[in-house]
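User: I would like to know what stands behind the terms used for this structure. Please set each value against its definition.

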Amino acid sequence: MDIKDLQSKFAQAYGDNYDTSAFFSPGRVNLIGEHTDYNGGYVFPCALSFGTYAVARKRSGNVMKFASSNFSKKVEASLDDLVFKPEDDWANYLKGVAYEIIQAGHELGGFEIFIEGNIPNGAGLSSSASIELLMAVALDSIFGLGIGRVELVKLCQKSENEFVGLNCGIMDQYACGMGKAGHAIFLDCKTITHEYVPLDLKGRKLVIANTNKRRGLTDSKYNERRAECEFALSQLNANLPGATCLGDISIEEFEANSGLITNPLAFKRARHIIYEDARVKKSVSLLKSGELLAFGELMRQAHESMRDDFEATGPELDALVEEAWKTPGVVGARMTGAGFGGCAVAIVDEDAIENFKKEVGEGYTKRIGLVPDFYVADVGDGTYKLF
Ligand code: GLA
């Protein structure tokens with residue numbers, strides 16, 4: 001990204017670019033631990049080296065102005081009218097963050113921001129969490145608010161839950177806001193505490209493959225899965241009254257009490273969460289001891305569990321991942337993110353990447369009729385100020 005170019009676009013939108021600051025916020029990919037975050041479990045994501053950039057500054061008065069080269073619509077909102085408006089489209093994500101910061105007791109003023117990103121939209125690489133953190137860190141810095149980073153992460157999640165109305169967990173905002181180059185984040189979503197784990201792939205790279213399937217009905221299916229998990233927990237509580245989330249329940253406790261779950265779908269959803277949580281913990285110790293092949297096997301199990309028990313993959317992700325599994329030089333591959341379309345992540349020998357793109361691409365297109373995209377991902381830092 002050429003920041004000078006972004007500053008020129010800012011000037012075109014707002015007249016000049018005096019006194020501006022610039023910020024970057026990454027996308028994220030989750031290595032393992034899917035749908036465990038809102039169940040008080042563990043996740044293992046990392047921030048990507050691509051993401052969203054912003055040029056921003058204070059302005060007098062109490063109007064906030066939002067513009068982007070990714071979206072044609074420019075939006076303005078006064079600070080006393082920060083409400084969700086469907087016609088404000090993408091800018092609702094930024095308005096919501098300003099709203100939550102004010103609700104948390106901080107003072108904001110007039111503001112202008114221009115953003116441009118290179119995260120494929122709607123691909124499940126957290127383009128929305130990326131712009132939320134971008135806005136939060138820009139406001140915090142420009143208005144000198146001194147809010148801690150984890151607090152900003154929580155405010156961004158609150159904004160997405162309550163202002164935008166998407167009931168997501170905390171993984172995406174945490175990964176974007178707290179990422180560290182060369183490391184994955186082992187995050188305990190119950191206590192909201194993390195450990196950075198060096199990601200030493202020993203001559204291999206993370207390759208993200210995009211199904212390019214539009215993620216229709218994702219939000220309603222996501223909320224449905226949440227409700228099924230909550231239902232399973234409420235029934236398990238009959239014998240496990242101390243469990244406040246599925247993440248509190250061990251495999252042994254689950255196996256001893258799973259007969260309490262009367263709904264077969266809720267049973268399968270809960271089984272996915274319980275075993276996925278154990279896989280995350282095991283993955284962390286495998287990566288620490290450099291056992292990549294064993295980690296690759298857990299990626300396969302995680303995909304199968306998302307396919308068979310959580311039923312959130314779909315023919316496109318299944319085809320993409322199956323093609324990856326049979327391609328030489330692949331240590332592991334699975335779907336990543338919410339599911340129902342979006343992306344898969346694979347660990348591929350560096351010298352096998354070109355062949356991987358060709359073989360997986362051709363195999364997927366033959367089966368599904370769509371052309372996938374591939375991104376070779378480096379693991380970067382969480383949201384930061386450029387100047
Ligand atoms: C989406 C949500 C996250 C998480 C994942 C699934 O990305 O935003 O909170 O639940 O799905 O792991």
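Analyst: A polar contact is a pair of N or O atoms within 3.5 Å; within protein, one must be able to donate a hydrogen and the other to accept it, and residues adjacent in sequence count only if both atoms are side-chain atoms. This is a predicted model, in which local features need pLDDT of at least 70 and side-chain atom pairs pLDDT 80 or more, while totals for chains, interfaces and linings use all residues. Residues are numbered from 1 along each chain as its sequence is written, and side-chain values use heavy atoms, without hydrogens and water.

User: What makes the pair between the ligand and the side chain of Glu34 a polar contact?

Analyst: An oxygen atom of the ligand is 2.7 Å from an N or O atom in the Glu34 side chain. That value is within 3.5 Å, so the pair is a polar contact. A backbone N or O atom of His35 also lies 2.7 Å from a ligand oxygen, and a polar side-chain atom of Tyr222 lies 2.5 Å from an oxygen atom of the ligand. The protein covers 93% of the 310 Å² of accessible area that the ligand has on its own (Shrake-Rupley method, 1.4 Å probe; for residues, only the protein chains shown count as cover).

User: Which residues surround the ligand, and how do they divide?

Analyst: Among them are Arg28, Asp37, Cys168, Gly169 and Gly337; a residue is near a molecule if one of its heavy atoms lies within 4 Å of it. The shell divides into five nonpolar, three polar and four charged residues. Here Ala, Val, Leu, Ile, Met, Phe, Trp, Tyr, Cys and Pro count as nonpolar, Asp, Glu, Lys and Arg as charged, and the others, Gly among them, as polar.

User: Why is Gln157 called buried?

Analyst: Buried means under 20% relative accessible area, exposed over 50%, and partly exposed in between (1.4 Å probe, protein chains only). Gln157 has 17%, so it is buried. Gln157 sits in helix H4 (residues 149–164); helices (H or I, at least four residues) and strands (E, at least two) are DSSP runs, numbered from the N terminus. A polar atom of the Gln157 side chain lies 3.4 Å from the backbone oxygen of Gly169.

User: Why is Asp89 called partly exposed?

Analyst: The relative accessibility of Asp89 is 43%, which falls between the two cut-offs, so Asp89 is partly exposed. Asp89 lies in the loop between strand S5 (75–78) and helix H2 (91–103). Its phi is near 50°, a positive value in a residue other than glycine.

User: How do you know that S10 and S11 pair?

Analyst: Two strands pair if DSSP finds at least two bridges between them. Six bridges join S10 to strand S11 (residues 343–349), so the two pair, and they run antiparallel. Met335 stands opposite Ala344 in S11, and Val330 has Val348 as its bridge partner. Seven of the seven residues of S10 (residues 330–336) are buried.

User: What makes S10 an edge strand of its sheet?

Analyst: The open sheet of four strands has the order S10-S11-S9-S12, with antiparallel pairing. S10 and strand S12 (373–377) each have a single partner strand, so one side of each is left without a neighbour in the sheet.
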